[in-house]
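Ready for a short workout with a protein model? Keep your viewer open and try each task before you read its solution.

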Amino acid sequence: MSARLAAVAAVPLALVVSLLTAAPAHASAIYAYQGNLFTSLTIDINGPGPVDFYAFTDRVTGFMELASPLAADLNSLTTLAPVAFSFSDGVNTITHATATVSSFAVVTNDVGAIVQWYVFVSAFAPADGGGTVRNISTSSNVSLQVQDGVLDRLCGPTSTSQGCVLGGTPYYTQTAGNADAPGAWTLRTPVPEPSSMLLIGVALAGFAARRRVRR
């Protein structure tokens, strides 16, 4: 038997079992959201309009990645701090890298599934002579007029880096949303980290080598 095979075969059986049954270290949890199609659209344009308009075939979709799965029975809106997120309204996409403001809060049931929520992400970029404001929000609170709401705005020419002024040319505002129609969240199965997969591979190799040595 080669020295390499002997070294692999020396892996204790107890270690093999522990590696195979251990949960992946630091597994994150990704919660994906899909909203319902928009049922209302508005637009106000002075001058050139946006490159893309909202349509009734658009909806809010996205995900938030948490450091670990949500606990069960969070019975009041609990504030979250995702390690990453990305939400789209069919026209614009706002991520953790581009958002200037973001807010996340959820309620969970007895198995840790999201049953109530409030999510708001914004990319607010006013500038002298224009700039943009883009908001994406979703909420399960049926008392709100809009469940999923979005805003895409080009500020007017009298805008400054401190504020977005409506009107003027060019200028546009378009909004979309749906009322009393919250979407749903799905927990994606966490994928073991590469280091965990490597350890499992070594464990399997050691187990196979031990069986080969005994024959």
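The exercises below go from the whole chain to single residues, and the model they use is predicted.

**Exercise 1. Describe the overall make-up of the chain: how many helices and strands are there, and what share of the residues is buried?**

Solution. Start with secondary structure: the chain has 3 helices and 12 strands. Next, turn to burial: 36% of the 215 residues count as buried. Then look at the accessible surface, which comes to about 11,800 Å², with 60% of it belonging to carbon and sulfur atoms. Finally, take the contacts between residues at least 6 apart in sequence: 64% of them join residues at least 24 apart.

**Exercise 2. Classify the ring pair of Phe87 and Phe104 and find which strands it ties together.**

Solution. The structure holds 7 aromatic pairs, and this is one of them. Step one is geometry: the ring centres of Phe87 and Phe104 are 6.2 Å apart, with 40° between the planes. Because that angle is neither under 30 degrees nor over 60, the pair counts as tilted. Step two is location: Phe87 belongs to strand E5 (residues 84–88) and Phe104 to strand E7 (residues 101–108), so the pair ties together parts 17 residues apart in sequence. Step three is burial: Phe87 has a relative accessible area of 1% and Phe104 one of 3%. Since the cut-off for buried is under 20%, Phe87 is buried, and Phe104 is buried too.

**Exercise 3. Do the same for Trp117 and Trp185, then place both in their aromatic cluster.**

Solution. The ring centres of Trp117 and Trp185 are 6.2 Å apart and the planes stand at 80°, so this pair is edge-to-face. It links distant parts of the chain, with Trp117 in strand E8 (residues 114–127) and Trp185 in strand E12 (residues 184–188), 68 residues apart. Both tryptophans are buried. To finish, widen the view: Trp117 and Trp185 form one aromatic cluster with Tyr33, Phe85, Phe87 and Phe104.

**Exercise 4. Locate the disulfide and work out its handedness.**

Solution. The count comes to 1 disulfide, and it joins Cys155 to Cys164 with an S to S distance of 2.0 Å. The torsion about the S-S bond is about -115°, so the disulfide is left-handed. Now compare the two ends: Cys155 is buried at 1% relative accessibility, whereas Cys164 is partly exposed at 23%.

**Exercise 5. Find where the backbone departs from the usual pattern at Pro170, Asp73 and Asp180.**

Solution. Recall the background: most residues other than glycine have a negative phi, and most peptide bonds are trans. With that in mind, check omega: the peptide bond from Thr169 to Pro170 is cis, with omega near 0°. Pro170 sits in the loop between strand E10 (148–154) and strand E11 (171–178). Then check phi: Asp73, in the loop between strand E3 (61–66) and strand E4 (78–79), has a positive phi of about 60°. Asp180 also has a positive phi, near 55°, and is found in the loop between E11 and E12. Asp180 is exposed, with a relative accessible area of 52%.

**Exercise 6. Which residues form a nonpolar patch on the surface?**

Solution. The patch is made of Ile43, Ile45 and Phe53, with about 240 Å² of accessible area together. Take Phe53 as an example: it lies in the loop between strand E2 (40–46) and E3, and at 40% relative accessibility it counts as partly exposed.

Conventions
Residues numbered from 1 in each chain as written. Predicted model: local features only at pLDDT ≥ 70, side-chain atom pairs only at ≥ 80, totals over all residues. Heavy atoms only, no water. Phe/Tyr/Trp six-rings, centres within 6.5 Å; stacked < 30°, edge-to-face > 60°. Helix = DSSP H or I, 4+ residues; strand = E, 2+ residues; numbered from the N terminus. Buried < 20%, exposed > 50% of the residue type's maximum accessible area, 1.4 Å probe, protein only. Patch = residues over 30% accessible without salt bridge, like charges linked within 9 Å, V, L, I, M, F, W, Y side chains within 5 Å. Areas by Shrake-Rupley, 256 points an atom, 1.4 Å probe, with all protein chains shown as cover. Salt bridge = Lys/Arg side-chain N within 4 Å of Asp/Glu carboxyl O. Contact = heavy atoms within 4.5 Å. Disulfide = S-S within 2.5 Å.
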